[in-house]
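Me: Please take a close look at one part of this model, the place where the two chains meet, and then follow it into the parts that lie around it. I would like one connected account rather than a list.

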Amino acid sequence: MKLATSGELDESGLIERARKGDREAFGTLVERYQRRVVGVAFSVVHNQEDALEIAQEAFVKAFANLKQFESRASFSTWLHRITANLSIDFRRREGRHSVLRGEDAEREMEKIPSGRGDSFKDAERGEINQRLRKALDELTPEHRTVILLREVEGLSYDEISAIVDCPRGTIMSRLHYARTRLRSLLKDLGPSNDAM
Amino acid sequence: MTQCEQIEPLLTGFVDGELVPPQMQAVARHLAACPKCESVLIEFSAVGERLREVAGEFQLEGFTQSVMAKLPRPTPIRDRLRSFLDLFNERLIAGTALVAATLAIGAWTMILVTPMARVLMARARADKSAVVASAKAEVHGIDNATRVAAVTHRSQAVISRLESQLPNVAVWSEPDTEATVIWVPDRR
């Protein structure tokens, strides 16, 4: 399947074509937004395999409902909202309010590529990751979602507010609580090698 | 409340650049003079770095193809036309059957039911007239027991046994007015 390259067509043109059933145009939109959509799903369900499945479902749902999308709105926000709703439904259905503890967390961590060849650093990184995962598990799903959407996905408060359907002030206070809690849980780790 | 306590809740908005300009300036001024709050800010940033590290990269190979495979396939025009014609045929057959059934019922009603109903209704009317006439005649002088028995038998009027057993009393119903008439002769 040949898909148009990113940036080849403007977003509204792609949406309009996809709305008329142009699968190629929709494929370009999928290429363009897949990383962020998976990230949004991951922020809520906190599991990569589930996030990938939910993201696929979100794109299929978006394609089916493209006629309902109002061009004045932001396509990405609309798409993220669909993804967040599916993810929240999934979390409720699966009862995964505190996912990936113990062995599950370790197994999930092993799937994350480190991208580095130094085995000592890899081991150290693995330990840090494990600590961070556990610290994230200590948060409520609501706090974990906003901190991941902000820090990992880089979304603005307005975007997060639209996705999780909460006022901006609530987003800021949840973020503050999550950061303070993680800071306290990870205090003895020392500075991040990449950050410092 | 100390100035640190006032500033601390704003550090999150400051690190994200989400405060309004006066708040940004106030926090920046405070941070320049407060190493404690500055270290909190650094640690907040470090938390973000750590999270980005642990998030890693998602396995997106083949993702688009998987999505595209799940999208509903558009139906070719020929198939759409065929399914439309099939639907039309089904509806045509169903419609024809419905019309035929309606006509059959109508004919049956006209040929058989209506004349029979007319006969029955005429018979019922005749019976009713006979009952009324009989009751009226009986009221005007026929023997009481015969009168009551006739009314009971032919008009299906409600006459209680008690009343029928009492001499000089007659009870019958008037179907036209839905009234029950109790006839008691004057005692002299």
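Reply: In this predicted model, 37 residues of chain A are in contact with 30 residues of chain B. On the side of chain A that touches chain B, the elements giving two or more residues are α2, α3 (48-64), α6 (119-138), α7 (141-151) and α9 (168-185) of chain A, and of these α2(A) gives the most, with seven residues. Sorted by class, the residues on that side of chain A comprise 20 nonpolar, eight polar and nine charged.

One helix pair across the two chains can be described in detail. The axes of α3(A) and of helix α5 (residues 63-70) of chain B come within 9 Å and cross at roughly 50°; an angle from 35 to 65 degrees counts as oblique, and α3(A) and α5(B) are therefore oblique to each other. Their crossing is right-handed. On the α3(A) side the contact is made by A:Leu52, A:Gln56, A:Phe59 and A:Val60, and on the α5(B) side by B:Phe63, B:Ser66, B:Val67 and B:Lys70, a set with five nonpolar, two polar and one charged residues.

The helices α2 and α3 of chain A, both named above for the side that touches chain B, lead on to the nonpolar core. The largest such core has 60 residues, among which A:Val37, A:Ala41, A:Ala55 and A:Ala58 touch the most other members, and its largest share, 12 residues, comes from helix α2 (residues 23-45) of chain A. With neighbours within four places in sequence left aside, A:Ala55 is in contact with A:Gln34, A:Val37, A:Val38, A:Ala41 and A:Thr83.

A further residue of chain A, A:Ala84, lies in helix α4 (residues 75-94). A:Ala84 counts as buried because it has 24 C-beta neighbours inside 10 Å, where 20 or more are required. Its contacts beyond four places in sequence are with A:Val40, A:Val44, A:Ile163 and A:Val164, while A:Ala84 and A:Ile54, 30 residues apart in sequence, are 9.2 Å apart in space from C-alpha to C-alpha.

As for the partner, chain B has eight helices and two strands, in the order α-α-α-α-α-α-α-α-β-β along the sequence. Of its 188 residues, 17% count as buried, and among the contacts in chain B with a separation of 6 or more, 34% join residues 24 or more positions apart.

Methods
Residues are numbered from 1 along each chain as its sequence is written. Chains are lettered from A and ligands numbered from 1 in the order in which they are written. This is a predicted model: local features need pLDDT of at least 70, side-chain atom pairs count only at pLDDT 80 or more; totals for chains, interfaces and linings use all residues. A nonpolar core is a set of buried Ala, Val, Leu, Ile, Met, Phe, Trp, Tyr and Cys residues joined through C-beta atoms within 7 Å. A residue is buried if 20 or more other C-beta atoms lie within 10 Å of its own, exposed if 12 or fewer, and partly exposed in between; C-beta atoms are placed from the backbone. Helices (H or I, at least four residues) and strands (E, at least two) are DSSP runs, numbered from the N terminus. Two residues are in contact if their C-beta atoms, placed from the backbone, lie within 7 Å. Ala, Val, Leu, Ile, Met, Phe, Trp, Tyr, Cys and Pro count as nonpolar, Asp, Glu, Lys and Arg as charged, and the others, Gly among them, as polar. Axes are lines fitted to C-alpha atoms, for helices over the stretch in contact, and angles run from 0 to 180 degrees between N-to-C directions. Angles under 35 degrees count as roughly parallel, over 145 as roughly antiparallel, 65 to 115 as roughly perpendicular and the rest as oblique. A crossing is left-handed if the near helix is turned anticlockwise from the far one by less than a right angle, and right-handed if clockwise.
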